Amino acid sequence: MKCFNEESFKVFDVEGLDERMVAIRANIQPIFAEIMAEVSARLSDDVGYETFVHIAQHRRRTRYAPENTWSAISDNKRGYKSQAHLQLGIWDNYVFMYLSIIDNPAKREQYVDYLAEHHEFPDDFVYSLDHTKPEFFSVTAGVEKGIQRLHDVKKGEFEVGRIISRDAKIWQEDPQTYILETFKTLFPLYQHLNA
């Protein structure tokens, strides 16, 4: 199975929208396609219904090159932002595996209610409050405030999962297994939120 390497991160050094998109299509999207096809197949087996892979194309961009890129899995063939979904993405200094709630989805109140009661995550998990910014926080430090913000702020977001930093030793070991195991840990949360 293909996986990210130093060349993947160097894509974000490429200047210019068109030039960076060529690099993303060549060096990152094939990795997304292969890993997320495997994750989707495993998720579908786990939840008992079909799920679909979506790869960000950044078509609305006309001037600035993307600072990150991602792929997603949902049970909606046409899109993923309207529901809690799984994301695999990359910034210039880390790769992330998240369960993501972004863009004011229809079931936001239901998601908040569930997360308020079920927010026990592994200690090495992190959460993000804005999918457009690279900042993340340990779940051991204020995850409840992040969940509350999803409730209180109309455009509030919440993403939770793991990251692998660019300089992590795991890239020389078995990153594919780590990525797949992280998503497997997120499967029950995905299933409960989308029930």
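**Helices H4 and H6**

H4 and H6 lie oblique to each other (neither under 35 nor over 145 degrees, nor 65 to 115). The axes of helix H4 (residues 108–117) and helix H6 (residues 175–193) cross at roughly 135 degrees and come within 10 Å. Axes are fitted to C-alpha atoms, for helices over the stretch in contact, with angles from 0 to 180 degrees between N-to-C directions. On the H4 side the contact (heavy atoms within 4.5 Å) is made by Gln110, Tyr111, Tyr114 and Leu115, and on the H6 side by Leu189, His192 and Leu193. By class, this contact of H4 with H6 has 5 nonpolar and 2 polar residues, and no charged ones. Here Ala, Val, Leu, Ile, Met, Phe, Trp, Tyr, Cys and Pro are nonpolar, Asp, Glu, Lys and Arg charged, and the others polar.

The model is predicted, with local features needing pLDDT of at least 70 and side-chain atom pairs pLDDT 80 or more, while totals for chains, interfaces and linings use all residues. Residues are numbered from 1 along each chain as its sequence is written, and side-chain values use heavy atoms, without hydrogens and water. Helices (H or I, at least four residues) and strands (E, at least two) are DSSP runs, numbered from the N terminus.

**Helices H3 and H6**

H6 also packs against H3, at an angle of about 40 degrees and with the two axes 10 Å apart. That angle makes H3 oblique to H6. From H3, the residues in contact are Ile35, Met36, Glu38, Val39, Arg42, Leu43, Asp46 and Val47; from H6, they are Ile179, Leu180, Phe183, Phe187, Tyr190 and Gln191. The contact of H3 with H6 counts 10 nonpolar, 1 polar and 3 charged residues.

**Helices H2 and H3**

Helix H2 (residues 17–27) and helix H3 (residues 29–47) have axes that come within 4 Å and cross at roughly 35 degrees. Ile24, Arg25, Ala26 and Asn27 of H2 meet Gln29, Pro30 and Ile31 of H3. This contact of H2 with H3 holds 4 nonpolar, 2 polar and 1 charged residues.

**Pockets**

On a 1 Å grid, a pocket is an open set of points with protein on both sides within 12 Å along at least five of seven lines; lining residues have an atom within 4 Å of a point. The largest pocket has a volume (space filled by probe spheres set on the points) of about 540 Å³. Of the 17 residues lining the largest pocket, those closest to its centre are His58, Arg60, Trp70, Tyr80 and Lys81. The lining of the largest pocket divides into 5 nonpolar, 6 polar and 6 charged residues.

The second largest pocket holds about 160 Å³ of space. Its lining consists of Tyr114, His118, His119, Glu120, Phe121, Pro122, Phe125, Thr185, Leu186, Pro188, Leu189 and His192. H6 gives the most to this lining, with 5 residues. By class, the second largest pocket is lined by 7 nonpolar, 4 polar and 1 charged residues. Tyr114, Leu189 and His192 belong to this lining and also to the contact of H4 with H6.

**Cavity**

The count comes to 1 cavity (points where a 1.4 Å probe fits but cannot get out) of 30 Å³ or more. About 40 Å³ of space lies in the largest cavity. Asn68, Trp91, Tyr94, Phe96, Tyr98, Ser128, Asp130, His131, Lys133 and Glu159 form the lining of the largest cavity.

Strand E4 (residues 94–101) supplies the largest share of the lining of the largest cavity, 3 residues. By class, that lining has 4 nonpolar, 3 polar and 3 charged residues.
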